[in-house]
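User: Hi! I'd like to understand the reasoning behind some of the labels used for this structure. Could you walk me through them?

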Amino acid sequence: MDNLLGILQGFQTLFIPGVFIYVLLGFIVGTFFGAVPGLTATLAIALLLPVTYSMDIVKSLVMCMGIYMAGMYSGSITAITINIPGAPSAMMTAIEGNKMMERGEGAKALGQAAFASMIGGTIGSILLMIVAPFAVKLALLIKTPGKFSLILFAFVVVILAQRKSIAKGAVATILGIMIATIGIDIMQPAARFTFGIDPLVQGIDLMPLIIGTFAISELLIQSEKSSDEYKLINKEMLKQKISRRDFLPTIKEIKEIGLMTYIKGALIGYFIGVLPGAGGSMAAFISYAEAMRSSNDPDKFGTGTLEGIAAAESANNAVCGGALVPMLTFSIPGDAVAAVVLGVLIINGLQPGPRLMTTQFHLVAPMFAALFVSALIILPLTLYILGPYFIKIVTINRKILYSSIALVAMVGGYVSTYSTFQMLMTLIMGVIAYVLRKQNYPTVSLLLGFILGPMIEKYFRRSLYINDGNPLIFFTQWDSIVFLLLIVVFYYFLTKRKGVDIKEIIEKNRS
Amino acid sequence: MAKRSVLERINSTSLLALVLILVNSIYLFEAIKTAEPIKNGEVGITFFPIVASILLYIAAIIIFIAGIKEKSVLSFQLSRIGKPIMVIFLTLIYVLIFKSIGYFISSIIYVLCLMFLFEEESGFKKKKLLNILFTVIIVALIYILYQKIFGVRLPIGEVF
């Protein structure tokens, strides 16, 4: 009852004009960052991070939710129109949507993507509001050894989620953990890994790491791309014409797709969102594969079908609600955006966990409301009002865009401590992330390692301390045993079971 | 086909794995130098980092072996990495001059250089003027955003 009241108060706070404007602003920023290939919602929030210092935390969080929901959806815009997903989560949408665009049904595909995103995002937000209070109760039952095993489980999932290269996932995660060990020890007043450099005693701030990893590395990647490549995209985009009245999906289309496709997609997306490190692209992929498996006519997949778009888009937007549950209750982010939102909370002196969700629920509730309203109301409205102009926003001048990003990022690095040392760290982290990205190492794992590393070390050492150094404590406490068993179960499902070869089926259908 | 030696089989995948092994060795050396991992039966400040380091060795070696099994060879395309290196260099200079000459001048130089680096068309005098105009607008807008709206103090320069 208390929670319901808290959530209703959250809606009340959200609808204060001075707060609501930030959700709208966030949604517009998120739409832009999600739609432009190379830019992501994660990058948008990373760039916003320095200004959250002086912003009201509620406004910062609701703005982040607007960016999150919009960024997850708007990747479909370029995916459909020019076959280049604006965000990785729109990969499956590109397969179907662009085929429809070629047939002159681009607006229909965009409309369906928005409709499915709306359903998925709304279901995800509702589940977040329902599940989060129970997750808090569960979190309160977990003791220190259990917390260690829980984070170990999170690490295993983060690493195994990189199915293409588990070793690279492991390297990125461990590197993050190692970077976090620089500076004063978490339990004793002793410095470590300073290599004789005095400023390193204060450690590396979360802000330079986030900005470097997501903004500077992207700047470096983009600088490699030739202008011709970009001009071609702009030329393709400007050719497209979209009419507003074609956006609305018809009842017949929705019936043909089947409500279950949307709901199933949302549930898949939500649960994948809960898993650490998985995120929107995996959710869209699995939901698409499931829709293909359970479809009456799987042969139409890959040829431009609304069913594929609905399954993928409903799932990736439901991820938003799912990814916030472990982030808010256990400090374990479900995906990259949730990890950066966690950064917003930490930088503003808030530690996610049961305490935040009980005593400071008034700060979190407007965030839930913002996610819900972004999905149910702002998303379809944005499509209807701005839809025909979507294509124009993607064609912004590249030199202005990346010069601005570079400046915001570097000044943001300075703002964290008012020192040029952290600015230098921003650059160094950016270069490290750039090198890793060039070799397909997952940089999200680096960030998760950095955030969760100190926590796992603290729980590990504390558990041993309270049990006189006996490691058997991890195998005798029920909460710890549960998470260790979950590691075994997930190891089996993520490594031993063979997935559906979607690529092969699509190629077959297309030919 | 002649069998290639391990050295010949080094490509970007295995080279990065080697760099990681090297960096990891420096990290491990520092850990060992700092404190004993276990002292009087108690886990110390370097125990956890040493465990992380060992795991990194294992993962990096796996990547290295996978790398030398690949068919690709090491090749550098200066045209491809030239611009990123320029961006890194420019950003480094920006960091070094930021506090001493202040936000405005350092940012104008930085953004203007990036504008020319990301330039899509060249050879027009008009473009150069436009770049300068856009640079001033960007630097001013970000100043307003940080200093005026969010109350963040930006350096005005120590030399002035």
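User: How much area do chain B and chain A bury between them, and what share of it is on carbon and sulfur atoms?

Analyst: Happy to help! In this predicted model, chain B and chain A bury about 5600 Å² between them, with 75% of it on carbon and sulfur atoms. The contact takes 58 residues from chain B and 63 residues from chain A.

User: Which elements of chain B make up the side that touches chain A?

Analyst: The elements of chain B giving two or more residues are helix 1 (12-34), strand 2 (42-43), helix 2 (47-69), helix 3 (78-117) and helix 4 (125-149). Helix 3 of chain B gives the most, with 17 residues. By class, this side of chain B has 39 nonpolar, nine polar and 10 charged residues.

User: How many salt bridges does the rule find across the interface of chain B and chain A?

Analyst: The rule finds zero salt bridges across that interface. It does find nine residue pairs in polar contact there, both residues at pLDDT 80 or more.

User: What makes helix 4 of chain A roughly antiparallel to helix 15 of chain A?

Analyst: Their angle does. Helix 4 (residues 57-82) and helix 15 (residues 336-347) of chain A pack at about 170 degrees, with axes 11 Å apart. Angles over 145 degrees count as roughly antiparallel, so helix 4 of chain A is roughly antiparallel to helix 15 of chain A.

User: Which residues meet where helix 4 and helix 15 of chain A are in contact?

Analyst: From helix 4 of chain A come A:Ile57, A:Ser60, A:Leu61, A:Cys64, A:Met65 and A:Tyr68, and they meet A:Val337, A:Ala338, A:Val341, A:Val344 and A:Leu345 of helix 15. This contact has 10 nonpolar, one polar and no charged residues.

User: Why is helix 5 of chain A called roughly antiparallel to helix 6 of chain A?

Analyst: Helix 5 (residues 91-102) and helix 6 (residues 106-141) of chain A cross at roughly 150 degrees, and their axes come within 7 Å. The cut-off is over 145 degrees, so helix 5 of chain A counts as roughly antiparallel to helix 6 of chain A. Here A:Gly97, A:Met100 and A:Met101 meet A:Gly106, A:Lys108 and A:Ala109.

Technical notes
Residues numbered from 1 in each chain as written. Chains lettered and ligands numbered in written order. Predicted model: local features only at pLDDT ≥ 70, side-chain atom pairs only at ≥ 80, totals over all residues. Heavy atoms only, no water. Axes fitted to C-alpha atoms, helices over the stretch in contact; angles between N-to-C directions. Helix = DSSP H or I, 4+ residues; strand = E, 2+ residues; numbered from the N terminus. Parallel < 35°, antiparallel > 145°, perpendicular 65-115°, else oblique. Contact = heavy atoms within 4.5 Å. Nonpolar A, V, L, I, M, F, W, Y, C, P; charged D, E, K, R; others polar. Buried area = accessible area lost by both parts, 1.4 Å probe. Salt bridge = Lys/Arg side-chain N within 4 Å of Asp/Glu carboxyl O. Polar contact = N/O pair within 3.5 Å; in protein donor to acceptor, adjacent residues only side chain to side chain.
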